[in-house]
Structure formats: structure tokens, C-alpha cells
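Here's a quick tour for anyone meeting this structure for the first time. Have a look at the picture, then read on.

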Amino acid sequence: VEDPRRPKLAGWGNEGDGLPADGRETLLRTLRAAFPDAPLRRAEPPRRVELPAPRVDSPHGLVEILRADPRERAVHALGKGYPDLVRAFRGEFPHAPDHVAYPADEADVARLLDWAAAERVAIVPFGGGSSVVGGVEPDVGDGYRAAVSLDLARLGRVLEVDEVSRAARVQAGTRGPSLERQLAAHGLTFRHYPQSFEHSTVGGWIATRSGGHFATGRTHVDEFVEGLRVVTARGPVETRRLPASGAGPDANRLFCGSEGALGVIVDAWLRVQKRPERRAAAAAAFPTFLAGAEGVRRIVQAGLQPAACRLLDPVEALTSGSGDGSAAVLVLGFEASGFDPAPLLADALGLAGGSRLEREAGGRWREAFLRLPYVYEEIVAHGLLTGTFETAVTWSRFPSLHGDVSRTLADAAPDAIVSCRLAYAYPDGPAPYYTVVAPARAGAELEQWRDLKAAASEALLAGGGTITHHHAVGREHRSWYEREAPPLVLDALRAAKRELDPAGVLNPGVLL
Ligand SMILES: Cc1cc2nc3c(=O)[nH]c(=O)nc-3n(C[C@H](O)[C@H](O)[C@H](O)COP(=O)(O)OP(=O)(O)OC[C@H]3O[C@@H](n4cnc5c(N)ncnc54)[C@H](O)[C@@H]3O)c2cc1C
């Protein structure tokens with residue numbers, strides 16, 4: 001609510017935001033060249049929204065924090081994945097919440113949960129709404145009288161800073177840019193940059209175990225969570241602030257990745273850092289993607305932890321402006337405070353092999369990376385299908401998984417442009433990330449997407465990978481997650497949900 005601009009009904013970010021005109025023209029030229037038979041007419045977002053009246057009235061004590069105007073409900077009806085954008089451009093909001101709640105504090109959250117449990121109303125926590133797995137769509141089934149989207153936008157402040165321990169207590173609804181602005185006042189930074197950074201929140205990151213820009217080492221946000229405060233349907237849970245602990249299973253980890261199904265994260269103590277003073281970056285080319293992957297494996301298995309370590313296949317190198325399409329490109333970057341990272345970079349380049357490219361390749365790739373959400377919006381608006389599929393797999397299984405997934409995507413979408421990058425890398429395996437752009441079948445986009453998603457997901461699981469490295473489970477990945485997670489672990493998670501959410505009103509249908 002801090003930002004007076006309205007979020008778009010269809011697309012990324014706020015009204016008025018998007019690619020600059022010259023960027024749009026360049027993109028359109030590229031798309032025309034790649035898909036000469038596609039009509040590529042830009043769809044306009046819907047002008048008006050009509051929704052059925054809310055199924056329940058605002059209860060007396062909550063009137064001040066509930067809103068029910070149709071536009072507000074529509075903005076909270078969908079996330080930002082391909083099927084979300086397609087439906088938003090069509091003006092279809094089939095599971096729009098009956099109300100949107102904007103709690104001003106933890107007490108409001110608790111009162112809302114009490115009412116929801118008593119009245120059998122589903123509560124769907126909403127951070128930035130950037131979920132690509134149906135996590136914020138109130139598709140909760142028929143067992144509920146109504147659904148309320150609980151938007152944490154009013155909880156957007158850094159509450160305390162412990163400069164000695166380098167930690168900050170941050171409210172869950174704080175978005176990326178606001179977090180960095182508030183921490184900068186203390187000379188600190190969080191340095192967690194998912195591609196959705198601009199419009200995603202601390203609570204959403206923790207609830208989905210998001211992946212930031214660190215490509216090796218501490219990649220997931222979990223590593224930066226020192227303590228948590230969560231409002232459950234049974235009352236608040238506060239974990240102790242500790243640098244580490246060996247006392248039983250980690251309480252923070254119960255809520256990292258809980259996707260709103262166990263409680264509402266209201267604030268968290270986060271491990272923050274001093275802004276790094278020095279950087280060293282370079283790029284190297286490899287004749288094939290797999291040769292580059294071997295180079296990455298040597299770097300991470302030697303114990304080096306570059307902040308940037310992104311291997312782009314030739315197609316991705318071309319489309320991101322980092323290469324000419326003839327070779328795979330590895331973008332490497334080290335950050336440091338108090339010492340010179342250049343020798344680490346030299347060691348990493350030496351271990352990786354390949355041939356050194358001119359320096360700014362990394363810079364060009366980064367700019368393109370942060371612009372991509374607006375690029376996706378344009379691609380979908382112009383009637384093309386675009387989707388990403390991501391996983392993590394051990395190095396020993398990676399070559400065959402990569403071959404199988406690439407073949408599956410090529411078979412399922414013969415006219416598509418398919419590209420891959422290694423988004424993250426660990427000593428025991430990489431996290432490959434596949435992007436598909438294809439002509440969409442007008443009117444049947446959702447069916448086309450569902451078939452492609454199913455084919456890709458089956459290939460990921462069959463190849464020994466996870467259904468997701470950092471996009472969470474939500475509603476979309478649930479059937480594959482149920483096959484990936486051990487059955488008794490799922491039973492234990494169901495028991496935890498019964499204990500913390502006895503009425504089952506917290507984001508029903510995600511995760512479990
Ligand atoms: C273009 C694009 C790029 C992306 N890039 C990345 C990336 O680089 N790395 C990455 O990890 N992800 C990425 N994502 C996915 C998404 O941005 C992440 O999952 C992100 O962490 C979601 O944050 P959010 O605040 O938008 O949460 P939302 O989308 O609002 O919510 C996500 C889930 O968390 C729950 N939730 C939200 N807030 C809370 C809370 N306070 N308490 C309890 N539950 C809560 C919701 O109910 C929902 O289930 C991308 C998405 C898009 C559209």
C-alpha cells in the first residue's frame with residue numbers, strides 16, 4: 001500500500017512500467033525473425049473486471065482491513081506464471097478471492113485467522129504475488145465458504161538492526177528494493193536478488209525458499225534466516241535468534257518452504273552483510289554446454305564459491321547478448337570485502353578451462369536478467385508461449401538428464417526455441433534452468449502449457465532431478481512433489497499442518 005501506483009491487471013509490476021520503446025521494438029524484431037508465421041499482435045489487458053459478489057460479508061471487527069472491489073480482488077486472483085498471464089490478459093479470474101485483507105500488524109493477522117477458522121474461510125497469504133506455481137491463487141476447492149487473500153503490504157519495515165551481529169529484523173511484506181533502501185541507511189545489504197526481486201517480498205522468499213543471485217554456496221534464502229515469527233491458527237511461534245544450533249530439527253526450517261500452509265510469517269531476523277567493496281568478473285567460452293558444465297564442476301569441487309557462476313548454452317548466450325550463439329558462455333564473478341578477489345577469479349578460470357571472452361559479457365547478461373520479467377510479459381502479450389522449467393540433479397546424472405529434458409522439450413514443442421543455463425552449482429550437482437518460447441495455439445494455450453509442463457516435469461523426475469530447485473511446490477507441482485518426497489515425511493508434514501492449522505484454512509491445496 002506504500003506504493004501509490006496500481007499493479008497491472010495483466011503483466012509484471014505496476015501500470016506504466018515495462019520495457020522502453022526501443023527495447024520492445026528490438027524484442028519484436030527478434031520474435032518476428034524467430035517465429036515468422038506467428039501473428040504477433042499485442043493483446044491489451046482487460047479494461048474492466050466483473051466478479052460475482054463476495055460470498056461472505058466482512059465481519060464487524062475486520063471491516064477496516066478488508067477490501068472487496070473487483071479490481072483489487074482480480075489483482076490477487078493469479079500469480080505470474082504463464083497460465084496466470086494468459087488468463088489475466090483474457091480477463092479470466094476464476095478463483096478471485098472474496099476479499100483482500102491488509103493487516104496493519106500481527107494482531108490483525110491473528111484476528112483474521114480466528115475468524116477464518118470459525119467461519120471456514122480459506123486464507124491465502126500474498127507477498128508480491130510473483131508465484132509461478134499457483135501458490136497465491138485461491139483455488140481452494142468447495143470445502144470453504146469463501147477465500148481471503150492476505151496481503152502483507154502494510155508490513156513493510158525493517159524493525160531493528162543488530163549491527164554487531166550483522167542481523168536485521170524485517171517485516172514479511174517488505175519488497176526487495178525497499179529492503180535494500182532501508183538497510184542501506186545502516187550501511188548494510190541483504191544481497192538476495194531473485195529475478196522477481198522488484199516485486200517479491202521477504203515473507204514470500206522465506207515461504208518459498210527462494211533462490212537469490214549467489215550461484216554457489218548460500219544460494220537459498222534459508223541460509224540467511226536467523227529467526228522467525230509466524231502467526232499460526234494456534235497462536236504465534238517465535239524461534240530463537242541463533243547463529244547455529246544442534247538442538248533437534250531446525251525450527252526455522254519447518255517454516256522455510258511452508259508456502260503459507262502452516263502459518264503466516266510476519267517478520268524474520270535476517271543475516272545481513274556489508275556491501276562488498278571489490279568485485280572481479282570475467283567470462284569464458286566453451287565449445288559445448290557439457291564442456292562448460294565440466295568446467296563449472298571443477299570450480300565448485302575445488303571449493304571455490306563464486307557469487308556468479310552461470311553457464312549459458314549457445315542459444316541463451318545469444319539471446320542474452322553474451323555470445324554469438326556459436327559457443328556456451330560461462331559468466332564468473334567473485335565479491336569480497338577486505339581482500340582482492342582477482343586471484344580467486346584467476347584460479348577459477350584456470351580450473352574451468354575454455355577461452356576467455358572480453359569482460360563486459362557478464363554485465364550484459366545481468367542487465368538482461370533483471371529485465372526479463374517485462375520481456376516475458378511482452379512475449380505472452382504477443383501470443384507466444386513461454387515457460388521455464390528448473391531442477392537440481394547430481395553431476396553424475398546431469399548429462400543424461402540434460403539430454404532427456406532437451407529432447408522431451410523439442411518433441412513436445414517442435415517449433416520452440418529451447419535454451420538452458422546452469423543457474424546454480426554445488427559440489428555434488430548443478431541446477432539447470434530451461435526456457436522455452438514457442439508459438440501458442442490461440443484459444444488452447446492453457447492445454448498446450450499443461451501438456452508441455454507435464455512432459456518436462458516427468459523428464460525431470462525420471463532423470464533423477466527435483467521437481468523444483470527454487471520455484472516452490474504451490475498447486476502446480478504438487479503431484480510431482482508427492483512422488484518426490486518420502487511418504488512418511490509427507491505424513492509428518494500433514495500432522496504438523498493438523499497441529500498448527502486444525503481447521504485447515506491456511507492456503508488449502510498448496511504443498512499438501
Ligand atoms: C519473472 C519471475 C522471475 C522469478 N525469479 C525467481 C528467482 O530468481 N528465484 C526464485 O526463487 N524465484 C523466482 N520466481 C518465483 C517467485 O518470485 C518466488 O517464489 C518468490 O519467492 C515469491 O515471493 P512473493 O513475495 O512474490 O510471494 P507470493 O508469490 O506472494 O507467495 C508465494 C507463496 O508463499 C506464500 N506466502 C507469501 N508470503 C507469505 C508469508 N508472509 N507467510 C506465509 N506464506 C507466505 C503464498 O501463500 C504463496 O504460497 C520468479 C517469478 C517470476 C514471475
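## Around the ligand

Helix H6 gives the largest share of the shell around the ligand, 5 residues. (Helices are DSSP runs of H or I with at least four residues, strands are runs of E with at least two, and both are numbered from the N terminus.) This is a predicted model, so local features need pLDDT of at least 70 and side-chain atom pairs count only at pLDDT 80 or more, while totals for chains, interfaces and linings use all residues. Residues are numbered from 1 along each chain as its sequence is written, and side-chain values use heavy atoms, leaving out hydrogens and water.

H6 covers 202–208, and E3, strand E10 (264–271) and helix H11 (361–381) join it in each supplying at least two residues of the shell. There are 37 residues around the ligand, and Pro 125, Gly 127, Ser 130, Ser 196 and Thr 201 come nearest; being near takes a heavy atom within 4 Å.

## Close-up on the contacts

Which ligand atoms meet the backbone? An oxygen atom of the ligand sits 2.7 Å from a polar backbone atom of Gly 127, and a ligand oxygen is 3.2 Å from a backbone N or O atom of Gly 135. At Ile 265, a polar backbone atom is 2.9 Å from a nitrogen atom of the ligand. On its own the ligand exposes 970 Å², and the protein buries 97% of that (accessible areas by the Shrake-Rupley method, 1.4 Å probe).

## The four-stranded sheet

Next up is an open sheet of 4 strands with mixed pairing, in the order E1-E2-E4-E3; strands pair if DSSP finds at least two bridges between them. E1 (66–67) and E3 (121–126) are at the edges with a single partner strand each, so one side of each has no neighbour in the sheet.

E1 pairs with E2 (residues 99–101) in the antiparallel sense over 2 bridges, and Leu 66 stands opposite Ala 101 in E2.

## The seven-stranded sheet

Another open sheet has 7 strands, antiparallel in pairing, ordered E15-E12-E14-E13-E17-E18-E16. Its edges are E15 (355–357) and E16 (384–390); each has a single partner strand, so one side of each is left without a neighbour in the sheet.

Inside this sheet, E13 (residues 308–312) and E17 (residues 417–426) are antiparallel partners over 2 bridges. Leu 312 has Arg 421 in E17 as its bridge partner.

Note on methods: Polar contact = N/O pair within 3.5 Å; in protein donor to acceptor, adjacent residues only side chain to side chain.
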